[in-house]
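Q: I am new to this structure. Can you take me through a ligand site and an interface, one feature at a time?

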Amino acid sequence: MAIAAVEFDALSLVLSGGRSILSGIHLAIEQGSTTALLGRSGSGKTTLLRMVNAMAAPTAGEARVMGEPVASQDCTSLRRGIGYVIQETGLFPHMTIERNVGLPLEMAGASKTQIATRVAELLPMVGLEGTSFARRYPWQLSGGQRQRVGLARALAADPPILLMDEPFGALDPVTRVEMQEMMASLIERLHKTVLLVTHDLEEALYLAQRVIFLEGGRVVADLPSNKVMPSSDPHVRQYIRAVRHNHRNHEETAS
Amino acid sequence: MTGFLRAHGYEMARLTFEHLWLTLFAMLLATVIGLPLGIVLSRRPRLAKPIIGFANVLQTVPSLALFGLLLPVPWLGENAARLAILALTGYALLPILRNTYAGIRSIDPTLTDIATALGMTARQRLLKVELPLSASVILAGLRTATVTCVGVATIAAAIGAGGLGELIFRGVASVDNGLVLGGAIPAALLALLADAALGFAEKKLTVKRA
Ligand SMILES: Nc1ncnc2c1ncn2[C@@H]1O[C@H](COP(=O)(O)OP(=O)(O)OP(=O)(O)O)[C@@H](O)[C@H]1O
Ligand SMILES: [Mg+2]
């Protein structure tokens, strides 16, 4: 079997005060797969994600990227090889969309024309057609458009691994579905290893082959997507109940 | 008016130039010290309080007293211009230091975080993200410092460092209002000009938020 794109090996994080954020995480994420991380607020999803690009460090155990321990790799080059998308988008307000998207290339030393060419190819890929977007600034875009720009930036240097932390969390339901559909087609086309943090079980099932449930810094369930709905695991049932509850509410308001 | 200019025009021009020179030299020194120090302090907020506090105290010493206090200091006291420049630097330091520190500290932590996550080195982050985002705040500090310097530099004449204050002091001593105005008006114009120019640059560098 090929080496795992990302591995967590007995990874734990205990704060200096003694509070345990993550405990004994053991996971291997297959190359080219999409894995969803679910869990309620504060369960450690973001922290676990940030172990992969060395934005957080464990107090015990280790994270490995392509078989190499994260701690033994050069932080900046590791990070440049990993796309990172966050809910707040993190677009730089003093840079045009083109500069924002091209930043990973700028740091790799690409020329202005190389960057312009690549950006012109990336923006339509994330659904931003038309040449005008490149010259605009983040404040001139809607929230959904900014989210697309954030995704384009993460894809710019064509990194094999993509970390996504609630990328669609702040969007209205219609835009959200649009983004999910675009993401699904991108995932199919680009063969990235994707780690997706979400609160939304339906989003997880739609985009991922595997769903991991975190609670209190532990993995409480780890299932292939098609085994989630039939699962009798109480942790998983909670999520299914939440989804059913929403649907029932929708049906009630519809009738 | 024309008679006054004919009699004192050359001197006014010379003293304006001297005034400008004192101010610019002091601003250069204060920037070279204050900007890097402000950047360093933004990384070590614990040190910031005592150091900015010290600059604050420096700022509150009356300028005439500061000039007088520095006069007996060996190397400094020998040259009036040298002393004046150093004292002016002390006054310019606080606004530059404080604004650099505050400007960098006020950047949305999400942005510095994502800069790091994109693989920027500390230096790239500073040059590409932190300084551009705090440029308008830093410039506001430079503006305050410049205006303060232009004002305080008039006092430098009291210790013989020259500048437009010389006309003012002479005018006061000889009860000649013309002389006083001949020094005060160019000094005020210099301050206004610096204020307007740096204010314009500050506006240009203000970043619109999403
Ligand atoms: N830098 C930090 N210092 C101290 N505690 C932290 C830090 N970052 C996160 N934590 C704590 O670690 C725990 C897990 O946080 P994390 O952000 O990983 O949760 P999450 O699952 O992503 O939550 P959410 O769904 O709200 O984003 C929380 O209890 C949080 O308070
Ligand atoms: Mg989170």
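The turns below treat a predicted model, starting with ligand 1 and going on to the interface of chain B and chain A.

Q: How many residues surround ligand 1, and which are the closest?
A: The shell holds 13 residues, the closest being A:Ser41, A:Gly42, A:Lys45, A:Thr46 and A:Thr47. By type, the shell has 7 polar, 4 charged and 2 nonpolar residues. Helix α1 of chain A (residues 45-52) supplies the largest share, 3 residues.

Q: Which N or O atom of A:Thr46 is 2.7 Å from ligand 1, one in the side chain or one in the backbone?
A: The atom is in the side chain of A:Thr46, and its partner is an oxygen atom of ligand 1. For A:Gly44, a polar backbone atom is 3.0 Å from an oxygen atom of the ligand. The side chain of A:Arg19 has an N or O atom 3.3 Å from a ligand oxygen. Taken alone, ligand 1 exposes 640 Å², and the protein buries 57% of that.

Q: What is the area buried between chain B and chain A?
A: Interface size is often expressed as the accessible area lost when the parts come together. Here that area is about 2000 Å², with 72% from carbon and sulfur atoms. On the side of chain B, B:Ile114, B:Leu118 and B:Lys128 lose the most area, together 29% of what that side buries.

Q: How many salt bridges does the rule find across this interface?
A: The rule finds 2. One of them joins the side chains of B:Asp113 and A:Arg50, at 2.8 Å from N to O. On the side of chain B that touches chain A, α6 and α7 each give two or more residues, and α6(B) gives the most, with 7 residues.

Definitions and conventions: Residues are numbered from 1 along each chain as its sequence is written. Chains are lettered from A and ligands numbered from 1 in the order in which they are written. This is a predicted model: local features need pLDDT of at least 70, side-chain atom pairs count only at pLDDT 80 or more; totals for chains, interfaces and linings use all residues. Side-chain values use heavy atoms; hydrogens and water are left out. A residue is near a molecule or strand if one of its heavy atoms lies within 4 Å of it. A polar contact is a pair of N or O atoms within 3.5 Å; within protein, one must be able to donate a hydrogen and the other to accept it, and residues adjacent in sequence count only if both atoms are side-chain atoms. Accessible areas come from the Shrake-Rupley method with a 1.4 Å probe; for residues, only the protein chains shown count as cover. Helices (H or I, at least four residues) and strands (E, at least two) are DSSP runs, numbered from the N terminus. Ala, Val, Leu, Ile, Met, Phe, Trp, Tyr, Cys and Pro count as nonpolar, Asp, Glu, Lys and Arg as charged, and the others, Gly among them, as polar. Buried area is the accessible area (1.4 Å probe) that two parts lose on being put together, summed over both. A salt bridge is a side-chain nitrogen of Lys or Arg within 4 Å of a carboxyl oxygen of Asp or Glu.
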